[in-house]
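Please open the model in your viewer and keep the sequence beside it, so that each stop of this tour can be selected in turn.

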Amino acid sequence: MRILADQNIPLVEAFFGELGEITRLPGRRIDAAAVRDHDILLVRSITRVDAGLLDGSRVKFVGTCTIGTDHVDQAYLKAHDIGFASAPGCNAESVVDYVLSSLLLLAEEAGEALDERTVGIVGAGNVGSRLAKRLSGMDVPHLICDPPRARDEGRDDFVDLDTLIERCDVICLHTPLVDTGDHPTRHLMDARRIRALRPGSVLLNAGRGACLDNAALHERLAAGGDLRCVLDVWEDEPGIDEALFPLVDIATPHIAGHSLDGKMRGTELVYQAVMHHYGLPVRCKLGQLKPDPWLRKLVLTEWAPPREALALCVRACYDVRRDMVGFERYRRRFGMAEGFDRYRAEYPVRREFSTLRVDLKKNNNDLREAIAGFGFKVKLAGK
């Protein structure tokens, strides 16, 4: 078999090498000519998979090593008997790490603690549910809006979006992009809702760019500095709004889920689906291939101030400012669209909070709960 894979998918050779010849290309260079003579196509979110890409090809299986699937025309695949798999949940922990690193930075700049604000989570899927769990572990008040799940599961602890906006200081968007049905999400945060955000609140989008009306956001931000904003996803990526970019407090090029751990899990999930599709045994497991993190543990004494210790752990593992500065450097050198893609393609290795173990010499409940709540492993001396 011949396999065509996005160059940013890790461990493709290790997982798929036994199946045949592997070709790598940047995601935006995967076109109909490149795909035509391949049997398996492995992509990430920037490659649009539809009739324009696959008509006339011999592709019989498509795998996207990502949570999202809105870039894949699944109806076309089904109609042409082409197997398909995604990787739900593979990089959800990475996105939550990004959210917490960003919120911690903004809280520090405002001289506040995270638990002094109420966080609103829009979308309770793989990312939103994990974010809620970590916020609960840190006793950070939060509300959740997810109308489809509230309907399907009879959840009476969820709230509608307008109530969430009214009651929360921080709004985090983690919804897929849906254009049809009872609950479309394109421009879910429209001009009316953006205007309704209370002064001094934080708006964060790490879901899909078009769930947020970028033109309306630009209008609100340009009118005054009463709203803080974190954008990892944008409308019309990679050619994002040049006028909106400088108004955003934390601006990154769709890398919230780009941890090495999340990408490797995505490869493994799609590999398992491919082997199942072709009736072949699963011979390779991620545990055999995953590299050790270069920073494996930190040691803290029991009198370490919880807030400062938490910031140390976060920045030792993943500091969102690295990506802010990196994206700006690439933008200045290559321009917005090319810089956006190049930074993603050349993204530095990043590991998740869960790969870092924090050893406490003696127990300090406040310190232990703060660090464990953020997602780090905590070990007490002698245990």
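Which residues does Arg350 touch, not counting residues up to four places away in sequence? Select Arg350 together with Ser94, Asp97, Tyr98, Ile255, Ala256, His258, Ser259, Leu260, Asp261, Tyr318 and Arg322, which are the residues that Arg350 touches under that condition, where contact means heavy atoms within 4.5 Å.

Before going further, note that this is a predicted model, in which local features need pLDDT of at least 70 and side-chain atom pairs count only at pLDDT 80 or more, while totals for chains, interfaces and linings use all residues. Residues are numbered from 1 along each chain as its sequence is written, and side-chain values use heavy atoms, with hydrogens and water left out.

**Around Arg350**

Arg350 sits in the loop between helix H14 (336-345) and S13; helices (H or I, at least four residues) and strands (E, at least two) are DSSP runs, numbered from the N terminus. Arg350 is buried and has no salt bridge, and Asp323, the nearest side chain of opposite charge, is 4.6 Å away. Buried means under 20% relative accessible area, exposed means over 50%, and partly exposed lies in between (1.4 Å probe, protein chains only), whereas a salt bridge is a side-chain nitrogen of Lys or Arg within 4 Å of a carboxyl oxygen of Asp or Glu. For the charges, Lys and Arg count as positive and Asp and Glu as negative, with His and the chain ends not counted. Now show the backbone oxygen of Ser94, which the side chain of Arg350 reaches at 2.8 Å, and then that of Ile255, which lies 3.0 Å from a polar atom of the same side chain of Arg350.

**The sheet of three strands**

Next select S12, S13 and S14, which form an open sheet in that order with parallel pairing; two strands pair if DSSP finds at least two bridges between them. The edge strands are S12 (297-300) and S14 (377-380), each of which pairs on one side only. Four bridges join S12 to S13, and strand S13 (residues 357-360) pairs with S14 over four bridges as well. Asp359 is worth marking, since Asp359 is the bridge partner of Val299 in S12 and stands opposite Lys379 in S14.Add helix H15 (residues 365-374), which lies across S12, S13 and S14 and runs at about 150° to S14; such angles run from 0 to 180 degrees between N-to-C directions, along axes that are lines fitted to C-alpha atoms, for helices over the stretch in contact.

**The sheet of five strands**

Turn then to the open sheet with the order S2-S1-S3-S4-S5, where the pairing is parallel. Strand S2 (21-25) and strand S5 (83-85) stand at the edges with a single partner strand each, so one side of each is left without a neighbour in the sheet. Strand S4 (residues 61-64) is joined to S5 by three bridges, and Val62 stands opposite Phe84 in S5.

**Salt bridges**

By the rule given above, the count comes to 36 salt bridges. Select Arg315 and Glu108, whose closest N and O atoms are 2.2 Å apart in a salt bridge. Arg315 lies in helix H12 and Glu108 in helix H5 (residues 92-109), so the pair ties together parts that are 207 residues apart in sequence. As a last stop, select Glu93, Asp97, Arg130 and Arg134, which are linked in a network of salt bridges.

How values were computed:
Polar contact = N/O pair within 3.5 Å; in protein donor to acceptor, adjacent residues only side chain to side chain.
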